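Trainee: I have a structure to go through before the group meeting. Could we look at it together?

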Amino acid sequence: MNYLNDIKNLIEKDKIAEQRQQNAKVLLKRLKGKTEFMFALEKEDVPLFVPVIFKSKAERDFVRSELTNSGIYCPVHWPNEIESKNPIFDR
């Protein structure tokens, strides 16, 4: 099991954290005023993703399609599987 410790020691945690923070900052900056964010990025945050809320399902789906065409996967984290009337599911 020492090989697991060896692998853990090879992982550059600080570099990964810094890259995630930079990626989030770029998204927040470029999308500011174009969409709503579910949170504000704090200095100590290391986000795995940046959830956004679009104005409509059509806008969300358009952005997802454009990102997919560029090789970027943008998941829908809360699909409306319960057929809720809450508009958050489509945004």
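Trainee: Where is the place of glutamate 83?

Mentor: Glutamate 83 is in the segment after H3. Please keep in mind that this is a predicted model.

Trainee: What is phi of glutamate 83?

Mentor: Phi of glutamate 83 is near 55 degrees, which is a positive value in a residue other than glycine.

Trainee: Is glutamate 83 buried or exposed, and why?

Mentor: Glutamate 83 counts as exposed because its relative accessibility is 66%, and the cut-off for exposed is over 50%.

Trainee: Which glycine just after H3 takes a positive phi?

Mentor: That is glycine 71, with a phi of about 80 degrees.

Trainee: Turning to H3 itself, what should its 13 residues span, and how far apart are its end C-alpha atoms?

Mentor: Helix H3 covers residues 57-69, and at 1.5 Å a residue it should span 18 Å. The end C-alpha atoms of H3 are 18 Å apart, so the expected span and the model agree. The expected span is 1.5 Å times one less than the number of residues.

Trainee: Next topic. How many salt bridges does a search of the whole structure find?

Mentor: The search finds 3 salt bridges. One of them joins the side chains of glutamate 36 and arginine 91, at 2.7 Å from N to O.

Trainee: Which parts of the chain does that pair link?

Mentor: The pair links distant parts of the chain, 55 residues apart. Glutamate 36 is in strand E1, residues 36-37, while arginine 91 is in the segment after H3.

Trainee: What are the relative accessible areas of glutamate 36 and arginine 91?

Mentor: Glutamate 36 has 43% and is partly exposed. Arginine 91 has 25% and is also partly exposed.

Trainee: Which residue forms a salt bridge with lysine 57?

Mentor: Aspartate 61 does, with the closest N and O atoms 2.9 Å apart. Both residues lie in helix H3, 4 residues apart, which is about one turn of the helix. Aspartate 61 also forms a salt bridge with arginine 60, where the closest N and O atoms are 3.1 Å apart. Salt bridges that share partners thus join Lys57, Arg60 and Asp61 into one network.

Trainee: Within that network, is arginine 60 buried or exposed, and why?

Mentor: Arginine 60 is buried because its relative accessible area is 10%, and buried means under 20%. By contrast, aspartate 61 is partly exposed at 27% relative accessibility, and lysine 57 is partly exposed at 40%.

Trainee: Let us move to pockets. What is the volume of the largest pocket?

Mentor: The volume is about 690 Å³. The largest pocket is lined by 28 residues, and those nearest its centre are Phe49, Val50, Pro51, Val52 and Cys74.

Trainee: Which elements give two or more residues to the lining?

Mentor: Those elements are H2, strand E2 (52-53) and H3. The largest share of the lining, 5 residues, comes from H2.

Trainee: Now the surface. Which residues form a nonpolar patch?

Mentor: The nonpolar patch is formed by Tyr3, Leu4, Ile7, Ile11 and Ile16, with about 460 Å² of accessible area together. Helix H1, residues 2-10, gives the largest share of the patch, 3 residues.

Trainee: Where is isoleucine 11 found?

Mentor: Isoleucine 11 is in the loop between H1 and helix H2 (13-31). Its relative accessible area is 41%, so isoleucine 11 is partly exposed.

Trainee: In which helix is leucine 10 found?

Mentor: Leucine 10 is in helix H1. Leucine 10 is exposed, with a relative accessible area of 67%. Its C-alpha atom is separated by 27 Å from that of glutamate 42, and the two residues are 32 residues apart along the chain.

Trainee: One last residue. Is lysine 13 buried or exposed?

Mentor: Lysine 13 counts as exposed, at 59% relative accessibility. Lysine 13 is found in helix H2. The C-alpha atoms of lysine 13 and arginine 30 are separated by 26 Å, and these residues are 17 residues apart along the chain.

Conventions
Residues are numbered from 1 along each chain as its sequence is written. This is a predicted model: local features need pLDDT of at least 70, side-chain atom pairs count only at pLDDT 80 or more; totals for chains, interfaces and linings use all residues. Side-chain values use heavy atoms; hydrogens and water are left out. Patches are made of residues with over 30% relative accessible area and no salt bridge: like charges are joined within 9 Å, nonpolar side chains (Val, Leu, Ile, Met, Phe, Trp, Tyr) within 5 Å. Accessible areas come from the Shrake-Rupley method with a 1.4 Å probe; for residues, only the protein chains shown count as cover. A salt bridge is a side-chain nitrogen of Lys or Arg within 4 Å of a carboxyl oxygen of Asp or Glu. Buried means under 20% relative accessible area, exposed over 50%, partly exposed in between (1.4 Å probe, protein chains only). On a 1 Å grid over the protein atoms alone, a cavity is a set of points where a 1.4 Å probe fits but cannot get out, and a pocket is an open set with protein on both sides within 12 Å along at least five of seven lines; lining residues have an atom within 4 Å of a point. Grid points are joined across faces, edges and corners, and a volume is the space filled by probe spheres set on the points.
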